[in-house]
Amino acid sequence: MLMKKWIKVILAVVIVLIISGGAWFWMNRGSAPSTARAAGTYQTPTLFVHGFGGGYGSEKDMIADLSKHPGYQQVLRYTVTNTGQLSVSGSWSASVKHPLIAVVFSSGRPDAPTLGKILKQLKKRYGIKNFNAVGHSAGSAAWANWAVTADKQGMPQLRLLITIAGPFNGFPGMPGMNGGQHITLAKDGRPNVMSDRYKPLYDNRRYFPKTATVLNLFGNLGKGTDGRVPVNSARSLRYVVAGRAKSYTEREITNSKAQHSQLHEHNPLVNRYLYEFLNNGKITNRFN
């Protein structure tokens with residue numbers, strides 16, 4: 001009789017454990033996937049952000065071309081809904097040496113506060129301490145605006161920033177901004193005209209991370225513009241990061257794929273700069 005009683009007790013405990021485990025799994029089914037390695041051991045990711053009106057199509061070519069190199073692989077894709085909610089898909093193995101993350105804004109309007117939310121989530125889930133950022137056009141401006149934000153608590157540190165065709169100081173047709181065509185730059189990079197969008201970057205430049213190394217790429221079709229963004233609007237970034245960034249390098253693209261949208265479309269020259277900078281943290285060659 002005593003033996004039967006103990007058997008009943010053990011069965012009851014097992015049933016309770018099974019039910020509790022199932023309930024826990026059900027309640028946590030939407031959380032970050034479990035991984036084989038502890039948080040904090042993931043490699044530094046590179047986040048891609050598209051331009052105004054763009055989407056994943058504006059990022060996938062650069063990601064695909066980088067992924068041809070050993071160790072580079074897309075691991076996650078963040079989608080930001082029109083109401084600002086985050087949806088994430090993909091699988092991030094801690095063994096990926098150069099993890100790539102696509103960030104897609106359904107509205108086609110990248111913004112700095114949402115980038116901050118994504119960075120906080122990545123640090124919380126994966127324990128990453130550093131990250132790299134790539135932005136095209138308005139995506140570049142969003143990263144720049146994030147970089148001069150004062151409160152970065154709970155976020156990883158910016159290591160490498162690559163901006164491509166960034167409209168930092170205006171472009172034709174943008175409300176509240178100068179057209180950018182008549183900007184001139186002093187020897188130290190200071191623009192003679194500061195647009196409404198550029199002034200906050202300049203005023204808050206003291207918050208730009210000293211941990212960051214910057215590569216600024218821009219196209220020139222021959223008339224001081226890539227067909228959309230004036231060269232000196234893109235080059236105005238220098239004056240924002242001067243004295244703050246660990247280093248600043250800029251490269252002008254003047255070949256047949258220097259047009260604004262073509263800078264991210266399987267562009268061999270841009271991809272060579274991306275690969276060297278992400279690998280070495282600097283540009284040692286001037287490709288053509």
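**Inside the sheet: starting from strand β7**

Let's start at one spot: Leu215 in strand β7 is the bridge partner of Ile162. Keep in mind that this is a predicted model. On the β8 side, Leu215 stands opposite Thr249, and that gives us a way into the wider pairing.

Ile162 belongs to β6, which spans residues 157-164 and pairs with β7 in the parallel sense over five bridges. Strand β8, residues 247-253, also runs parallel to β7, joined to it by seven bridges.

How enclosed is β7 by the rest of the structure? Largely, because seven of the seven residues in this strand, 213-219, are buried. In a regular strand, side chains alternate between the two faces of the sheet. Here both faces are covered: Thr213, Leu215, Leu217 and Gly219 are buried on one side, and Val214, Asn216 and Phe218 are buried on the other.

Now step back along the sheet. Strand β5 (residues 130-136) runs parallel to β6, with seven bridges between them. One of the matched pairs here is Ala133 with Leu161 in β6. Zoom out and you'll find eight strands in an open sheet, ordered β3-β2-β4-β1-β5-β6-β7-β8, with mixed pairing. The edges are β3 (86-90) and β8, each of which pairs on one side only. On average, neighbouring strands in this sheet are turned by 20 degrees against each other, direction ignored.

Next come two of the helices. Helix α3 (residues 112-126) lies across β1 (46-49), β2 (72-80), β3, β4 (98-105) and β5, and runs at about 125 degrees to β2. Helix α4 lies across β1, β5 and β6, at about 140 degrees to β5.

These helices also pack on each other: the axes of α3 and α4 (residues 138-147) are 8 Å apart, at an angle of about 70 degrees. Angles of 65 to 115 degrees count as roughly perpendicular, so that is how α3 and α4 sit relative to each other. In this contact, Ala112, Leu115, Gly116 and Leu119 of α3 meet Ala142, Trp143, Asn145 and Trp146 of α4. Six of the residues are nonpolar, two are polar and none is charged.

Finally, the whole protein. It has eight helices and eight strands, and 45% of its 288 residues are buried. Among contacts with a separation of 6 or more, 74% are between residues 24 or more positions apart. The accessible surface comes to about 14700 Å², with 54% of it belonging to carbon and sulfur atoms.

Terms used: Residues numbered from 1 in each chain as written. Predicted model: local features only at pLDDT ≥ 70, side-chain atom pairs only at ≥ 80, totals over all residues. Heavy atoms only, no water. Buried < 20%, exposed > 50% of the residue type's maximum accessible area, 1.4 Å probe, protein only. Helix = DSSP H or I, 4+ residues; strand = E, 2+ residues; numbered from the N terminus. Pairing = 2+ DSSP bridges. Contact = heavy atoms within 4.5 Å. Areas by Shrake-Rupley, 256 points an atom, 1.4 Å probe, with all protein chains shown as cover. Axes fitted to C-alpha atoms, helices over the stretch in contact; angles between N-to-C directions. Parallel < 35°, antiparallel > 145°, perpendicular 65-115°, else oblique. Nonpolar A, V, L, I, M, F, W, Y, C, P; charged D, E, K, R; others polar.
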